[in-house]
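Reader: I'd like to walk through this one with you. Can we start with the backbone and then move on to the ligand?

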Amino acid sequence: MQAVIRSVDCAIPQRRMSNEEFTAILDTSDEWIHSHTGIRYRHIADPDQAPSDLALEACQKVLSRAAVPPDEVDLILVATATGDYLGFPSVACIVQDRLGAKRAGAMDLAAGCTGFIYGLETARNFVLGGGARNVLVVGAEVLSRIVDWQDRNTCVLFGDGAGAALVSASEDARDGSGRPRGLLASVLRADGSGAHLLERPMGGTRAPFDPENFDRTSACLRMDGRQVYNFAVKAIAEGIPEMLAANGFGIDDVAWIVPHQANVRIIEAAAKRAKIPLEKYYLNIEEYANTSAASIPIALTEMDSKGLLREGDLVATFGFGAGLTWGGNLLRW
Ligand code: UT7
């Protein structure tokens, strides 16, 4: 039995915001943002759009592309840090209902920007264990609603969007050379000692919203950018070669590395440190900024639509983010 990605697709909000637009509200510039991050644009959800709306659109496209009816979906996993509601109900349940996936279980997954990678590995294990034949794995975020629009250190970095993949059971999927296709292996890691480096301090049960003493900035995303940067470079530079070696592959076997898109400089530094050519990494941060759990499925969708992913290609995803979490998936397209 194998777990194969049958289709990928995404949902991108129409409103496209340029770096220039920040100069009207913040002491910043297109030059600073682009030279420090590689970002030029981000897409911003409409006021009436929540992650479930974007996730639903991505799921509908994915199912229609694979010609799988919603009632054949067994499980919906939505990786998100910006759920429609605080804690519950889950985004996945809202999607399940609106999709008409009457036989599906549904749950959200909190692993920060590594969420989609955790989701793919969870789906693989459900499929290999016989618990599900069709799993929708989604990354969906509306980060524009939790960033502090007065903090130039963070608000310029993030964007909104969703991406989804249909992971299905296959008895014997092989490429033209007879090699097994699908999700081959993953590495999932966490280090909660760095939890404070990327957090949204207020609004949970440890520090509930207090209308009497409301501190607006504590209800927003906070990040120690420098520390997260250092962690991310190390995670990718060491994690990708380790994941490949653990599965008997070298970098020359890999057609594409699809990294979480947080900052192009993180990828450049990690590529240099690991001595992996930058051309192996697919980068689209310029258009979308950091969409957290959505960034990898959005990148896979773009690559697929450009014809960059060919059957038999070995693809390595790798991500890092809040938790702290990091990890990657190895898959034969
Ligand atoms: O998905 C995972 C989560 N996020 C990340 O992976 C992000 C990780 N961190 C980073 O990507 C980088 O650390 C940042 C992009 C956040 C910051 O880049 P940097 O090159 O490390 O800048 P810095 O923090 O060292 O700041 C340099 C200067 C500071 O000014 P002073 O204190 O030296 O006067 C900042 O205030 O740049 C200033 N600055 C800005 N200036 C103009 C910070 N943000 C801006 C801005 N426009 N938007």
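Author: Sure. Helices and strands here are DSSP runs, numbered from the N terminus. Keep in mind that we're looking at a predicted model.

Reader: With that in hand, where is A67 found?

Author: A67 is in the loop that runs between α2 (51–66) and β4.

Reader: And what is the phi of A67?

Author: Start with the general idea: most residues other than glycine have a negative phi, and most peptide bonds are trans. A67 isn't a glycine, yet its phi is positive, at about 55°.

Reader: You brought up peptide bonds. Which residues does a cis peptide bond join?

Author: One such bond links F88 to P89, with omega about -5°. P89 sits in the loop between β4 (75–79) and α3 (91–99). There's also a cis bond from G323 to L324, where omega is near -10°. For L324, look in the loop between β12 (314–321) and β13 (325–332).

Reader: On to the ligand. Which residues come nearest?

Author: The general idea is to count a residue as near if one of its heavy atoms lies within 4 Å. There are 23 residues around the ligand, and T28, R226, H260, N263 and N290 come nearest. By type, the shell splits into 11 nonpolar, 8 polar and 4 charged residues.

Reader: Which helices each supply at least two residues of that shell?

Author: Those are α1 (30–37), α5 (225–246) and α6 (264–274). Of the elements, α5 gives the most, with 4 residues.

Reader: Why does the ligand lie between the two domains?

Author: Domain 1 (2–170) and domain 2 (182–332) both contribute residues to the shell, so the ligand lies between them. The space it takes is the second largest pocket.

Reader: How do I read the polar contacts?

Author: Look for pairs of N or O atoms within 3.5 Å. A polar side-chain atom of N290 is 2.7 Å from a ligand oxygen, and one of R265 is 3.1 Å from an oxygen of the ligand. At G225, a backbone N or O atom lies 2.9 Å from a ligand nitrogen.

Reader: And how much of the ligand does the protein bury?

Author: Taken alone, the ligand exposes 950 Å², and the protein buries 73% of that.

Notes
Residues are numbered from 1 along each chain as its sequence is written. This is a predicted model: local features need pLDDT of at least 70, side-chain atom pairs count only at pLDDT 80 or more; totals for chains, interfaces and linings use all residues. Side-chain values use heavy atoms; hydrogens and water are left out. A polar contact is a pair of N or O atoms within 3.5 Å; within protein, one must be able to donate a hydrogen and the other to accept it, and residues adjacent in sequence count only if both atoms are side-chain atoms. Accessible areas come from the Shrake-Rupley method with a 1.4 Å probe; for residues, only the protein chains shown count as cover. On a 1 Å grid over the protein atoms alone, a cavity is a set of points where a 1.4 Å probe fits but cannot get out, and a pocket is an open set with protein on both sides within 12 Å along at least five of seven lines; lining residues have an atom within 4 Å of a point. A molecule sits in a cavity or pocket if more than half of its atoms lie within 2 Å of its grid points. Ala, Val, Leu, Ile, Met, Phe, Trp, Tyr, Cys and Pro count as nonpolar, Asp, Glu, Lys and Arg as charged, and the others, Gly among them, as polar. Domain bounds come from an automatic or database domain assignment.
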